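Thank you all for coming. I would like to take a few minutes to walk through a structure that most of you have not met before, so please have it open while I talk.

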Amino acid sequence: MVEISAIIVVGGFFGDEGKGKIISYLSLKSQVAAVARAGVGTNAGHTIVYQGVKYKLRQIPSGFVNPNVKLFIGPGVLVDPRVFLQEIELTKTSERARIDYQAGVIEEKHIEEDRSSSHLKGKIGTTGSGCGPAQRDRAMRILKLAKDVPELRKFLTDVPYELNELIDEGRDIIIEGTQGTFLSLYHGTYPYVTSKDVTSGSICSDVGIGPKKVRDVIIVFKGYVTRVGKGPLENELPIDEVKKRGWYEVATVTGRVRRVAPFNFKLAKRAVMLNSATQIAITKLDLLFPEDKHKKRWKDLSKDAKEFINRVEEELKVPVTLIGTGPEVHDIIDRSERED
Ligand code: GTP
Ligand code: IMP
Ligand code: MG
């Protein structure tokens, strides 16, 4: 019998929930053979803080922290060759980072259009990374693919084949989602969304894994909700209040200030449904309950923090298995072997 060994990590709100940190932790912890990046492309920025160094990655999967892990970018993901090659240097992963032949390529003209369009930059508030115009060209079937770019030649492979082979050998693989559920072109706050679907179904397709090969869908929520760019944000807090609560954040890719609202159970419930989540990861618990910063054991958490996590489990009816208590990869409570 074929082992079911793929784990999807998906964002539950509007992106920037801390998926990068959760994925890097999981990659170091278990016998993960590969991490494959899904989602739109260079519009996403994952932050990983590991061994005192802060990495901000827009292409290389967050599993790079484990030197034994293979790194893949699926055919459904856009590649900007300059960003990819820079990150290969930064993370020293040229021997193990691979792109699918059929990944779409972002060119300078896409970036220029994204940044100069009053609709995209002005009305929607895009990241200006060229993703929307490149997606349009893919739909028009005129977009260049990775196999057409000589500088990428040595990094190319058949990503769906490699991933499915690992799964069939019973190895664990992580599929790295980017953005968040309510930025989905289909399920989000249209038109204030990104240029494709980013929920778990689409994440499978981005890397060429069928849904029956997925064992778990880990949905990541931050302890509060953030959003960059335009569009509705229920219960949005004024900037003074955001600073007072210590929830002030700046976006990884664009440097824009993130808009902030308290944790939203209604959105979280819908996100669990849309992604068929089987586990929840909550990040930034330390910013809701500062006395819990850097804690690594459930039993050491404050009463208020435990009550919050218990309420999440009761309302969403899905176990909270990972809890972030700081930015570093190991600032985490791992409840997969429930000591409580
Ligand atoms: P996208 O794919 O762009 O949606 O990004 P992401 O989900 O990987 O999140 P991103 O790295 O953009 O933002 C999360 C921020 O929270 C980063 O600055 C992380 O270092 C930080 N972070 C993640 N988990 C924790 C946590 O548990 N506590 C604290 N204090 N910071 C955290
Ligand atoms: P685009 O994806 O650059 O076209 O931007 C469309 C919308 O999605 C804008 O509101 C962006 O701020 C948002 N967005 C896209 N990618 C991310 C991400 O990774 N994190 C947070 N917001 C994102
Ligand atoms: Mg981000």
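In this predicted model, ligand 2 is surrounded by 15 residues, and those that come nearest are N43, T127, T194, V228 and R256. If you look at the polar contacts, you will find an N or O atom in the side chain of N43 at 2.8 Å from an oxygen atom of ligand 2, while a side-chain N or O atom of R256 is 3.0 Å from an oxygen atom of the ligand. D16 also takes part, with a polar side-chain atom lying 3.1 Å from a nitrogen atom of ligand 2. As for how much of the ligand is covered, ligand 2 on its own has 470 Å² of accessible area, and the protein covers 97% of it.

Let me stay for a moment with T194, one of the residues that come nearest to ligand 2. T194 sits in the loop between strand 8, residues 172-176, and helix 7, residues 200-207, and with a relative accessible area of 13% it is buried. The side chains of T194 and N43 are joined by a polar contact of 3.3 Å, and, leaving aside neighbours within four places in sequence, T194 is in contact with V40, N43, Q179, L183 and L185.

Now to ligand 1, which has 22 residues around it, the closest being D16, K19, H46, T47 and D286. D16, which we met at ligand 2 through its side chain, appears here through its backbone, where an N or O atom lies 2.5 Å from an oxygen atom of ligand 1. A polar backbone atom of T47 is 2.7 Å from an oxygen atom of ligand 1, and R258 brings a polar side-chain atom to 3.1 Å from an oxygen atom of this ligand. Taken alone, ligand 1 exposes 670 Å², of which the protein buries 93%. Which elements give two or more residues to the shell around ligand 1? They are helix 1 and strand 3, and it is helix 1 that supplies the largest share, with three residues.

The third ligand is a magnesium ion, and its protein donors are D16, through OD, and G45, through its O atom, at 2.1 to 2.2 Å from the ion. D16 lies in the loop between strand 1 (6-11) and helix 1 (19-29), and G45 in the loop between strand 2 (32-37) and strand 3 (46-50), so the two donors tie together parts that are 29 residues apart in sequence. Are these two donors buried or exposed? G45 is buried, at a relative accessible area of 11%, whereas D16, at 22%, counts as partly exposed because the limit for buried is under 20%.

I would like to move away from the ligands and turn to helix 2, residues 81-91, in which the buried residues are P81, V83, F84, E87, I88 and T91. They cover an arc of only 160 degrees around the axis, and therefore they lie on the same side of helix 2. On the other side of the helix, R82, Q86 and E89 are exposed. What do the buried residues of helix 2 pack against? They pack against strand 4 (53-57), strand 5 (70-73) and strand 6 (97-100). Just after helix 2 comes K92, which has a positive phi, near 55 degrees.

Q59 is a useful companion to that helix, since its contacts, not counting residues up to four places away in sequence, include V83, F84 and E87, along with R37, G41 and L78, among others. This residue is found in the loop between strand 4 and strand 5, and at 1% relative accessibility it counts as buried. The side chain of Q59 reaches the backbone oxygen of L78 at 3.1 Å.

Finally, let me point out F265, which lies in helix 9, residues 265-275, and which counts as buried at 12% relative accessibility. From C-alpha to C-alpha, F265 and H46 are 24 Å apart in space, and they are 219 residues apart in sequence. Not counting residues up to four places away in sequence, F265 touches F308, R311, V312, E315 and L316.

Key:
Residues are numbered from 1 along each chain as its sequence is written. Chains are lettered from A and ligands numbered from 1 in the order in which they are written. This is a predicted model: local features need pLDDT of at least 70, side-chain atom pairs count only at pLDDT 80 or more; totals for chains, interfaces and linings use all residues. Side-chain values use heavy atoms; hydrogens and water are left out. Donors are N, O and S atoms within 2.8 Å of the metal (3.2 Å for Na, K and Ca); water is not among the atoms, so sites may look incomplete. Helices (H or I, at least four residues) and strands (E, at least two) are DSSP runs, numbered from the N terminus. Buried means under 20% relative accessible area, exposed over 50%, partly exposed in between (1.4 Å probe, protein chains only). The arc is that of the directions from the helix axis to the C-beta atoms. Contact means heavy atoms within 4.5 Å. A residue is near a molecule or strand if one of its heavy atoms lies within 4 Å of it. A polar contact is a pair of N or O atoms within 3.5 Å; within protein, one must be able to donate a hydrogen and the other to accept it, and residues adjacent in sequence count only if both atoms are side-chain atoms. Accessible areas come from the Shrake-Rupley method with a 1.4 Å probe; for residues, only the protein chains shown count as cover.
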